[in-house]
Amino acid sequence: MRMVLFSHGLVPTRFLIILSHLSIAVLILWSRDQNVKSCLSLDYTDEEYLLQDKELVIGLSIALGLLGFELLGFLSGVTMFVPLTAMISIACHGSASILLTYFVLDEWDCHLYWWLFTFCSVLPAVTEAVTILRSLFLKN
Amino acid sequence: MSESWKRTVTSVSDKLFPGLAFYHPYAEDGGLHLGNQIVSDLPLQMSLYFNIVFYPLWLVSSIVMLSLKYECLTSMYRFLVVTIFVFVIVVECLRLYLGYVGNLNERIPELAGFWMLSVLLQLPLQLFLFINENTLPQPLDRIMQLIMIIMLLIQLFTGFKALRTAARYQANRFHIMKFQLVSESKSDLDLRLKSE
């Protein structure tokens, strides 16, 4: 009953925030040329460029994968009505969206992305997985 | 006026979903409880709900992107894109309202209208905005449009299933009602059925 009371605001918020994180991550993946160039020193070689490019692609792809996993758990209904997971998800993805926007617009350094990745992509995915496991095992 | 519209939609939809024309919007059934099966479709309802939630964001981002790239479009495409946007915005509001109310209250004319609008109007227009290169779709445009199209496709498939289930349920109900007529009953439905 408590969960239904929360759901009127939490569920759409969580959905929209996950979608916004998704769209900004896909956006960076699509047009990452400028960001990669800002990671390197002024005189860069092609190998350095390719290395940084590959790192950023891997980071963004894993973030997108974790995001997809979380969206799946959310839409299938398993974690849709758990307020704690929803709050963590909203906080992490919200801050990720804002910081990733700064990442793109202010052309931050590439290694800052990995901090973003740990706190704002891995954390909600882990809480999601824990919630799913709890709901699977505590029911039995 | 709405009655004739409902009759037109029902008769057209009867070609696609047989059994739909047996639908009678009567609440009473003479005290006979004809089943408590819920025929609204959950995936359809969920996708409609999330579409309603997502729609304002899509609107804002599309209008901002259009205003940013307006000077770069050719004059023909300026006219085309603005017209298509106006259509899509209006049709989307109507379509989402019809689908949401239709599915929740199991009202078949609304559901049929929603499905027709989605297939005939919304699908081509959204695909045009997504695929055509001359409208200069930017990455953000593409992402928002892709999310809308995915939700539209989910609604098309689940809406078809929901409409078929609801029409079949109504047809079964009609058949059962015919067998369970009470001879002395004077309700509207029984008098009409007896006169047939």
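Helices (H or I, at least four residues) and strands (E, at least two) are DSSP runs, numbered from the N terminus. The views below show a predicted model, in which local features need pLDDT of at least 70, side-chain atom pairs count only at pLDDT 80 or more, and totals for chains, interfaces and linings use all residues. Residues are numbered from 1 along each chain as its sequence is written, chains are lettered from A and ligands numbered from 1 in the order in which they are written, and side-chain values use heavy atoms, with hydrogens and water left out.

**View 1. The loop around E106(B).** Let us start in chain B, where E106(B) sits in the loop between α3 and α4 (108–131). This residue comes just after α3(B). Its phi is near 55°, a positive value in a residue other than glycine. Most residues other than glycine have a negative phi. E106(B) counts as partly exposed because its relative accessibility is 23% (buried means under 20% relative accessible area, exposed over 50%, partly exposed in between, with a 1.4 Å probe and protein chains only). Helix α3 (residues 75–104) of chain B has 30 residues and spans 44 Å from first C-alpha to last, close to the 44 Å expected at 1.5 Å a residue; the expected span is 1.5 Å times one less than the number of residues.

**View 2. A loop in chain A, at E107(A).** Now look at the loop between α4 (83–105) and α5 of chain A, where E107(A) lies. E107(A) is not a glycine, yet its phi is positive, at about 55°. With 35% relative accessibility, E107(A) counts as partly exposed.

**View 3. E128(A) and its contacts.** Follow helix α5 (residues 110–139) of chain A and you will meet E128(A). This residue counts as buried because its relative accessibility is 0%. Apart from neighbours within four places in sequence, E128(A) is in contact (heavy atoms within 4.5 Å) with seven partners listed here: R14(A), F69(A), E70(A), G73(A), F74(A), T79(A) and T85(A).

**View 4. G9(A) in the opening helix.** Helix α1 (residues 2–30) of chain A holds G9(A). At 36% relative accessibility, G9(A) counts as partly exposed. Its C-alpha lies 20 Å from that of T131(A), and the two residues are 122 residues apart along the chain.

**View 5. Helix α3 of chain A and what follows.** Helix α3 (residues 46–75) of chain A has 30 residues and reaches 42 Å from its first C-alpha to its last, close to the 44 Å expected at 1.5 Å a residue. Just after this helix, G77(A) takes a positive phi of about 95°.

**View 6. Spans annotated in the record.** UniProt, in an unreviewed entry, places the feature "transmembrane region" at residues 12–30, 56–75, 81–105 and 112–137 of chain A. UniProt positions are given in the numbering used here, feature names are shortened, and annotations may be inferred rather than shown by experiment. In the model, residues 56–75 of chain A are 100% helix and 0% strand, with end C-alpha atoms 28 Å apart. Residues 81–105 of chain A are 92% helix and 0% strand, and their end C-alpha atoms are 35 Å apart. For chain B, the unreviewed UniProt entry lists the feature at 48–70, 76–98, 110–131 and 143–163. Among these spans, residues 143–163 of chain B are 100% helix and 0% strand, with end C-alpha atoms 30 Å apart.
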